[in-house]
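Q: Please go through the side-chain packing and the aromatic rings of this model, and explain for each label how the value leads to the term.

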Amino acid sequence: MSIGRLTCCAVVIGAAIAYGRTALAQDTNVVLEEKTPLVVSGFAVGLGTYDRNLAQNTALGSKIALSLFRPWSDQLYLFGQLTTHLEQADSGPPQTAIEIDNLIINWTPAHLSALAVSFGRFDAPIGFERDDEPLNLIPTPSFTFEKARPVKFTGLMARYTISPKLSVLGLVANGWNQAADNNSGKTGGLKVQLFPASGAAIALGALYGPEENATNSSQRTLLTADATLQPLPRLILQAEGHRGTQRATGASLNWTGVVGQAFWRLSRSTGLTVRGEVLDDPNGVTTGTSQTLRSVTISPWYFYREAQEGVFSNVEFTTFRLPAFSIRPALRIDHSSQPVFATKAGSLQQSNLTALVELVFLF
């Protein structure tokens, strides 16, 4: 065989090998992409309300949320959620706000699968109420959720599973609900989660840190406890309690919030939730007024089909699958020891009644 033919054969063989490697690399990338797909989900909320004191009713397309989940490997994933919602201003029409509701990078060490470390913006890991409507069994947030405890943190959180019945969690973050810290200090937290039996989850925790703007001197302590019980497949019981202390000049100011609710699945497509709460704020630390707030809410609702797998798939620590579509009317009765509820005439009353209907659609 001549040198020319040998050279030609070598070129052909080399090209074939190169093509094979390229094809193999492309196939490998395709396999990796198939193993780690980008999952897009979210939800939309419509709301109709009637306020007795204000003699006012309105309908709103109140919120739409888009969630992105991307697992890069068995040890690393990204979860993010953008939320667009309407905010009621002190005067004038509602304003549209867009926020990064969640942004979490979660890492599990390869040789320490019991540990999960998260960085970013995440739900405060206390209580059973959440700011995403599909995750709640009642369509209106409690006073305690809105005023007596944090809803979001931005920082670092680590969870270690000691056994199937016990886990511990620690966090270091900006202040309560602060996207960017409002002082030079940090808030720290510790939580112990117990699973004493099937269908039971109980947690005890504490938060400590400065929460006032531009100062580290006013330290705040929050002792918290919550429980979720499912004694029957159709029955869910949830409760949370918080005891807070705010340091002030020469004094310690306290508040206490307790919330409890029960959900009964009446049939395949209907359910009923009843919630009661008390928020005692004698120094006006969280509400701005020295008062005791009480509230009772009743919510019968209709739901259709089950949601897909993902972050919006079930109520935490229960077997109840979130519905793909639900209609949730509610009647809420609020009362305060002080006149704090505004009326149409511009006066204040000690009580108020609100009726609402919430529509939630998961996609």
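Q: What makes up the largest nonpolar core, and which residues have the most contacts inside it?
A: In this predicted model, the largest nonpolar core has 19 residues, and those with the most contacts inside it are Phe-153, Leu-171, Leu-207, Leu-222, Trp-255 and Leu-279. Two or more residues each are given to this core by α2 (143-148), β6 (152-163) and β7 (166-173), and the largest share, three residues, comes from β7. Apart from this core lies another, of 16 residues, which includes Val-45, Phe-312, Phe-320 and Val-360.

Q: How many aromatic pairs does the structure hold, and why is the pair of Phe-43 and Phe-312 called edge-to-face?
A: The structure holds nine aromatic pairs. The ring centres of Phe-43 and Phe-312 are 5.2 Å apart, which is within the 6.5 Å limit for a pair, and their planes stand at 80°, over the 60 degrees required, so the pair is edge-to-face.

Q: What makes this pair a tie between parts that are apart in sequence?
A: Phe-43 lies in strand β1 (residues 39-51), whereas Phe-312 lies in the loop between β14 (291-306) and β15 (323-336), so the pair ties together parts that are 269 residues apart in sequence. Both Phe-43 and Phe-312 are buried.

Q: Why is the pair of Phe-69 and Tyr-77 called tilted?
A: The centres of Phe-69 and Tyr-77 are 5.2 Å apart and the angle between the planes is 50°; because this angle is neither under 30 degrees, as for stacked rings, nor over 60, as for edge-to-face rings, the pair counts as tilted.

Q: How do you know whether Phe-69 and Tyr-77 are buried or exposed?
A: Neither term applies, because buried requires under 20% and exposed over 50%: Phe-69, at 30% relative accessibility, counts as partly exposed, and Tyr-77, at 29%, counts as partly exposed as well.

Q: What makes the charged end of Arg-332 sit over a ring, and which ring is this?
A: The charged end of Arg-332 sits over the ring of Phe-143, 4.6 Å from its centre, which is within the 6 Å limit. Arg-70 likewise lies over the face of Trp-72, at 4.2 Å from the ring centre.

Q: Why is Leu-76 called partly exposed, and which residues is Leu-76 in contact with?
A: Leu-76, found in strand β3 (residues 76-87), has a relative accessible area of 30%, which falls between the 20% and 50% cut-offs, so the residue is partly exposed. Leaving aside neighbours within four places in sequence, Leu-76 is in contact with Pro-71, Ile-105, Asn-106 and Trp-107.

Technical notes: Residues numbered from 1 in each chain as written. Predicted model: local features only at pLDDT ≥ 70, side-chain atom pairs only at ≥ 80, totals over all residues. Heavy atoms only, no water. Core = buried A, V, L, I, M, F, W, Y, C linked by side-chain atoms within 4.5 Å. Buried < 20%, exposed > 50% of the residue type's maximum accessible area, 1.4 Å probe, protein only. Helix = DSSP H or I, 4+ residues; strand = E, 2+ residues; numbered from the N terminus. Phe/Tyr/Trp six-rings, centres within 6.5 Å; stacked < 30°, edge-to-face > 60°. Lys NZ or Arg CZ within 6 Å of the ring centre and 35° of its normal. Contact = heavy atoms within 4.5 Å.
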